[in-house]
Amino acid sequence: MTRRDLRTLCPQVFLLMAAPSPFMTRALELARTAKGRTSPNPPVGAVVVRDGEIVGEGFTQPPGSWHAEVLALRQAGDLARGAKLYVTLEPCCHYGRTPPCTRSIIEAGVAEVHMAMLDPNPIVCGQGRAELEAAGIRTSVGDGEEIAAGIVEAFTKFITTGLPFVTAKFAMSLDGKIATRTGQSRWITGEGARLLVHRLRDAADAVMVGVGTVLADDPLLTVRLPLRERRDGRQPWRVVVDSRGRTPLTARVLGADAPTIVATTEASPPEWRRQLAHLGAIVLELPAKEGHVDLKQLLVALGKRGLIDILVEGGSGLLGSLFAQRLVDKVLAFVAPLVIGGTSTPGPIGGDGVQTLDEAPRLRTEQVERVGDDILIVARCLPE
């Protein structure tokens, strides 16, 4: 029986077994703080504990700056000698833009290192732990592992496949509609769900939509959170998939509120591409696949730019293509308690669809929760 089976059958027992320690819980909170600001590095949290008290803490800074462990050790200073370090990911043991964290931990004189999980990066996995143990430092792995794995899921996919992690988000009525027959879609869900979407954007590297969504809704695709929740002025990248060059030059997504990438093909007008670049957008001319932007090549290009956590917000055509090409990793479906009806009203996933149920992408439900009057279903796509 797997840990996931046990969680399904005996959730209360599983919670008792899997609940992170208080110090690891704090490290996980710090790791979440870093989400959306560290790619292509993983978001990591770390705390230094001396005599049962936290004496230093830190989380991963933007690329090229300090890792979580180094910041926590710096804050702890001399109190790190003989102390315990709780960290959400195995410390790195290689030179990148910064020196190895294992070296800083050894030099600081830390006595124990508790890791939530090993680093999925093949050049680290297990080697950071081995280096610490060779220096006489006691180690453990597994405290808060499942939570930590969720925090670094985008990094894990990217570092092992070279592709970004793709989350498909959509909101629909109880009968599976995303708009009325006149095209009205604002607002299907309530304020709580819309606020959560802005939190999701805040934690993503990029928000992606198809040109149909731009034409229908003229969205900003920016993070707009209450003042009490704003961490900084950072905005995710906006990615518009527009194969033939239909995005108006006056579209709000091209404004200076956030950086924008427009993915297109040679079928779009060259003058339109030049005007987009003049407005400040980055134009990616990519190969076409069946007359549309090759989405896998787009994901590869985004990954090379360090954008590894992608939130796709529609429309139905783009989502249909992503599902058809098995490029979606996770689904966030908001279901509102209303019925729209109509045989011609649109649903969240477009395209041709599958011919048989055997061809349908299979998902595993991981979470169901109430958000105001709406229901959020979180599901993970299963491998073929």
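Which residues have the most contacts inside the largest nonpolar core? I began with this question, keeping in mind that this is a predicted model, in which local features need pLDDT of at least 70, side-chain atom pairs count only at pLDDT 80 or more, and totals for chains, interfaces and linings use all residues. I noted too that residues are numbered from 1 along each chain as its sequence is written, and that side-chain values use heavy atoms, with hydrogens and water left out.

**Entry 1, the largest core.** I found that the largest nonpolar core has 38 residues, and that Val 48, Leu 73, Leu 85, Ile 105, Val 110 and Val 113 have the most contacts inside it. Such a core is a set of buried Ala, Val, Leu, Ile, Met, Phe, Trp, Tyr and Cys residues joined through side-chain atoms within 4.5 Å, where buried means under 20% relative accessible area with a 1.4 Å probe, protein chains only. Helix H3 (22-34) gives this core its largest share, five residues. I then looked up Val 110, and leaving out residues up to four places away in sequence, I saw that Val 110 touches Leu 73, Ala 80, Gly 82, Ala 83, Leu 85, Ile 105 and Ile 137; contact here means heavy atoms within 4.5 Å.

**Entry 2, the whole chain.** I counted 13 helices and 16 strands in the protein chain, these being DSSP runs numbered from the N terminus (helices H or I, at least four residues; strands E, at least two). Buried residues make up 46% of the 384 residues. Along its principal axes, the C-alpha trace spans about 65 × 50 × 40 Å.

**Entry 3, helix H8.** I listed Glu 153, Ala 154, Phe 155, Lys 157 and Phe 158 as buried in H8. The buried residues of this helix pack against H7, strand S6 (165-173), helix H12 (295-304), strand S13 (309-312), strand S14 (330-336) and strand S16 (374-381). After H8 comes Gly 162, and I noted that its phi is positive, near 85°.

**Entry 4, Phe 165.** I next turned to Phe 165, which is found in strand S6, and I asked whether Phe 165 is buried or exposed. Phe 165 is buried, because its relative accessible area is 4%. Setting aside neighbours within four places in sequence, I found Phe 165 in contact with several residues, including Glu 153, Ala 154 and Lys 157, and also Ile 308, Asp 309 and Ile 310. The C-alpha atoms of Phe 165 and Leu 327 are separated by 8.6 Å, although these residues are 162 residues apart along the chain.

Terms used. Buried means under 20% relative accessible area, exposed over 50%, partly exposed in between (1.4 Å probe, protein chains only).
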